[in-house]
Amino acid sequence: MSQNIAAMAARLHRDVPNAEGSIDDALIAVASLTTSVVMARRAIGAPAKTGQGTIMRLVEAQMSLVKVSGSILRAHNELAEIGKETAGYDLRECPSVADTEVVPLSSAA
């Protein structure tokens, strides 16, 4: 395999799980924010209608993130198929968690 293909594969090996993890982090953050909004409303004794629009927008944002997550997962699967077809990879398992070590682009290129 040429070094160029190896470098691209290394980037994808790192970037795909990073993207998936970032979306998960965003899902958690929005869920936490939604919880905080509802708890604040309850704590101040505000009526149920207070903040309802905000809560609805947060739930819509959550659904958007779920859709994005599905798209990224489909792209991950397609990339794995491309890797099999073009580079002869036998990708039975993709990395579950991205490496925490940052690789400088100059060393990956």
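Reader: Let's start with V30. Which residues is V30 in contact with, leaving aside its neighbours within four places in sequence?

Author: In this predicted model, V30 touches L58, Q62 and L65 once the neighbours within four places in sequence are left out.

Reader: Nice. Which residues make up the largest nonpolar core?

Author: That core has 5 residues in all: I23, L27, V30, L58 and L65. So two of the contacts of V30, L58 and L65, turn up in the core as well, because buried nonpolar residues are joined there through side-chain atoms within 4.5 Å.

Reader: And which helix gives the most to this core?

Author: Helix α1 does, with 3 residues. Both α1 and α2 supply at least two residues each.

Reader: Which residues of α1 are buried?

Author: The list is A7, R14, V16, P17, E20, I23, L27, V30, T34 and R41.

Reader: I see I23, L27, V30 and T34 in there. Any general reason for that kind of spacing?

Author: An α-helix has 3.6 residues a turn, so residues three or four places apart point the same way.

Reader: Good. Why does T34 count as buried?

Author: The relative accessible area of T34 is 16%, and buried means under 20%, so T34 qualifies. T34 is a residue of helix α1.

Reader: What is T34 in contact with, leaving aside neighbours within four places in sequence?

Author: I55 and L58. L58 is also on the contact list of V30.

Reader: What about A29, buried or exposed?

Author: Neither, really: A29 is partly exposed, at 45% relative accessible area. A29 sits in α1, which covers residues 3-43.

Reader: How far apart are the C-alpha atoms of A29 and Q62?

Author: They are separated by 9.5 Å, and the two residues are 33 residues apart along the chain.

Reader: Switching to charges. How many salt bridges does the count come to?

Author: The count comes to 1 salt bridge. R14 forms it with D15, and the closest N and O atoms are 2.9 Å apart.

Reader: Why would such a pair form at all?

Author: In general, side chains of opposite charge can pair when their charged atoms come close.

Reader: And R14, buried or exposed?

Author: R14 counts as buried because its relative accessibility is 16%. Its partner D15 is partly exposed, at 36%.

Reader: Let's look at the surface. Which residues make the nonpolar patch?

Author: L12, L79 and I82 make a nonpolar surface patch of about 240 Å². L79 belongs to helix α2, residues 52-87, and is partly exposed with a relative accessible area of 34%.

Reader: What is the accessible surface of the chain?

Author: About 8,000 Å², with 60% belonging to carbon and sulfur atoms. Buried residues make up 18% of the 109 residues.

Reader: Back to α1. How many residues does α1 have, and how far does α1 reach?

Author: α1 has 41 residues and reaches 59 Å from its first C-alpha to its last, close to the 60 Å expected at 1.5 Å a residue. After α1 comes G45, whose phi is positive, near 75 degrees.

Reader: Zooming out, how many helices and strands are there?

Author: There are 3 helices and 0 strands, and the order from the N terminus is α-α-α.

Reader: Last one: what share of the contacts with a separation of 6 or more comes from residues 24 or more positions apart?

Author: Such residues account for 74% of those contacts.

Notes
Residues are numbered from 1 along each chain as its sequence is written. This is a predicted model: local features need pLDDT of at least 70, side-chain atom pairs count only at pLDDT 80 or more; totals for chains, interfaces and linings use all residues. Side-chain values use heavy atoms; hydrogens and water are left out. Patches are made of residues with over 30% relative accessible area and no salt bridge: like charges are joined within 9 Å, nonpolar side chains (Val, Leu, Ile, Met, Phe, Trp, Tyr) within 5 Å. Accessible areas come from the Shrake-Rupley method with a 1.4 Å probe; for residues, only the protein chains shown count as cover. A salt bridge is a side-chain nitrogen of Lys or Arg within 4 Å of a carboxyl oxygen of Asp or Glu. Helices (H or I, at least four residues) and strands (E, at least two) are DSSP runs, numbered from the N terminus. Buried means under 20% relative accessible area, exposed over 50%, partly exposed in between (1.4 Å probe, protein chains only). Contact means heavy atoms within 4.5 Å. The expected span of a helix is 1.5 Å times one less than its number of residues.
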